[in-house]
Amino acid sequence: FKPVDNRLLSLQLVQFGLTDAALFGPDGNVLQASETFYKRNVLILRGRFRPLTHVNLDMLETGRQMFATEKEVEANRAITVAELTLQDLKAADPDIDEKDFLDRVDILCSLGLTVLISNYQAYHKLVGYLTKLTRRKIGIILGIYNLQSVFDEKYHEEGGILQSFSTLFKNNVKLYVYPFKLPDTGEFYTCKNFQLPEHLRYLFMHLVANDRIEDIQGFHEEILHIISDNVLAMIKANQAGWEQMVPDEVAQKIKANHLFGYAADRPNFYFSEARPLDAVPENEETPML
């Protein structure tokens with residue numbers, strides 16, 4: 001049906017509980033997940049992508065480089081996926097703003113990414129879904145504060161953290177952890193100085209020692225200050241400078257299609273929005289729930 005946008009149809013399938021996940025390719029066509037992921041290595045980055053910034057792209061590129069070096073990964077059988085959860089789509093509007101959703105998807109698809117929409121708020125549930133579709137190695141890129149949430153026991157069901165981790169780390173799943181630069185000290189917060197309650201520290205050390213969790217290497221320190229919420233506010237306010245915080249092709253697409261509330265004819269004025277230092281940084285876009 002020509003008037004039907006397959007991307008919106010995918011969203012509504014998940015939104016109204018007809019499926020827990022829907023997948024479509026860079027061309028917007030719906031994909032059959034069982035066929036797309038069959039016997040393939042899968043690398044996933046979960047985020048809001050509102051908009052996609054240099055940090056998101058750095059997470060993708062550095063994570064992809066590390067994933068490709070794994071001995072179990074076949075480069076020609078690997079697929080990189082950007083995932084949007086219902087939780088993130090409802091963050092700005094409980095009813096989900098379809099225009100906002102399509103704005104994000106336009107950006108992701110223009111970069112050649114396959115897009116997954118899911119109702120899997122917990123990482124172990126996402127992995128449980130993927131491991132039914134492929135037996136090959138699965139990689140998940142996430143920020144250091146999201147990793148902290150993964151270890152937060154209050155987010156796990158009555159089976160506890162061990163039951164959740166038995167799903168999360170089964171079948172050769174690995175987490176690639178992107179750092180955060182602490183604003184007060186300038187120190188990088190990574191797996192090397194990861195803060196955990198004492199009773200969970202040996203569990204974490206076990207996972208690191210067995211190559212299930214690893215710090216991302218080769219990241220670009222100069223972009224770690226970028227926060228997507230601030231970029232979005234700058235776009236809406238027509239404040240100069242946001243273009244330097246997103247990839248060139250993303251900036252061009254935002255301007256050409258007036259995405260994320262961009263309006264070239266609106267007067268340019270100074271916009272400042274304070275953000276607390278303990279707020280969720282750009283590379284921690286989705287809390288683990």
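In which sense do strands β3 and β4 pair, and over how many bridges? In this predicted model, strand β3 (residues 41-46) pairs with β4 in the parallel sense, over six bridges.

**View 1. Strand β4 and its two partners.** Strand β4 spans residues 78-85, and seven of these eight residues are buried, so the strand is largely enclosed by the rest of the structure. The connection from β3 to β4 passes through helix α3 (residues 54-68), forming a right-handed β-α-β crossover. Between β3 and β4, leucine 45 lies opposite alanine 82. Strand β5 (residues 114-118) also runs parallel to β4, and five bridges join the two. In that pairing, glutamate 83 of β4 is set opposite leucine 116 of β5. In a regular strand, side chains point alternately to the two faces of the sheet.

**View 2. The loop between β3 and α3.** This loop holds phenylalanine 49 and proline 51. The phi of phenylalanine 49 is positive, near 55 degrees, although the residue is not glycine. Is phenylalanine 49 buried or exposed? Its relative accessible area is 1%, under the 20% limit, so phenylalanine 49 counts as buried. The peptide bond leading from arginine 50 into proline 51 is cis, and its omega is near 0 degrees.

**View 3. Helix α1 and the elements it packs against.** Helix α1 covers residues 6-15, and its buried residues are Arg7, Leu8, Ser10, Leu11 and Val14. They lie on the same side of α1, because the arc they cover around the axis is only 155 degrees. These buried residues pack against β1 (21-24), β2 (30-31), α4 (86-89), α5 (98-110) and β5. Just after the helix, glycine 17 has a positive phi of about 75 degrees.

**View 4. The loop between α9 and β10.** Aspartate 211 sits between α9 (198-209) and β10 (213-215). Its phi is positive, near 60 degrees, and the residue is not glycine. The relative accessibility of aspartate 211 is 34%, which lies between the 20% and 50% limits, so this residue counts as partly exposed.

**View 5. Cysteines 109 and 191.** Cysteine 109 is buried at 10% relative accessibility, and cysteine 191 is buried at 13%. A search of the whole structure turns up zero disulfides.

**View 6. Confidence along the chain.** The mean pLDDT of the chain is 88, with 90% of residues at 70 or more. Over residues 269-279 the pLDDT falls below 50, and this stretch has 15 contacts in the model beyond near neighbours in sequence.

Methods
Residues are numbered from 1 along each chain as its sequence is written. This is a predicted model: local features need pLDDT of at least 70, side-chain atom pairs count only at pLDDT 80 or more; totals for chains, interfaces and linings use all residues. Side-chain values use heavy atoms; hydrogens and water are left out. A disulfide is a pair of cysteine sulfur atoms within 2.5 Å. Buried means under 20% relative accessible area, exposed over 50%, partly exposed in between (1.4 Å probe, protein chains only). Helices (H or I, at least four residues) and strands (E, at least two) are DSSP runs, numbered from the N terminus. Two strands pair if DSSP finds at least two bridges between them. A crossover is right-handed if, with the strands pointing away from the viewer, the path from the first strand over the helix to the second runs clockwise. The arc is that of the directions from the helix axis to the C-beta atoms. Contact means heavy atoms within 4.5 Å. pLDDT is the predictor's confidence in each residue, from 0 to 100.
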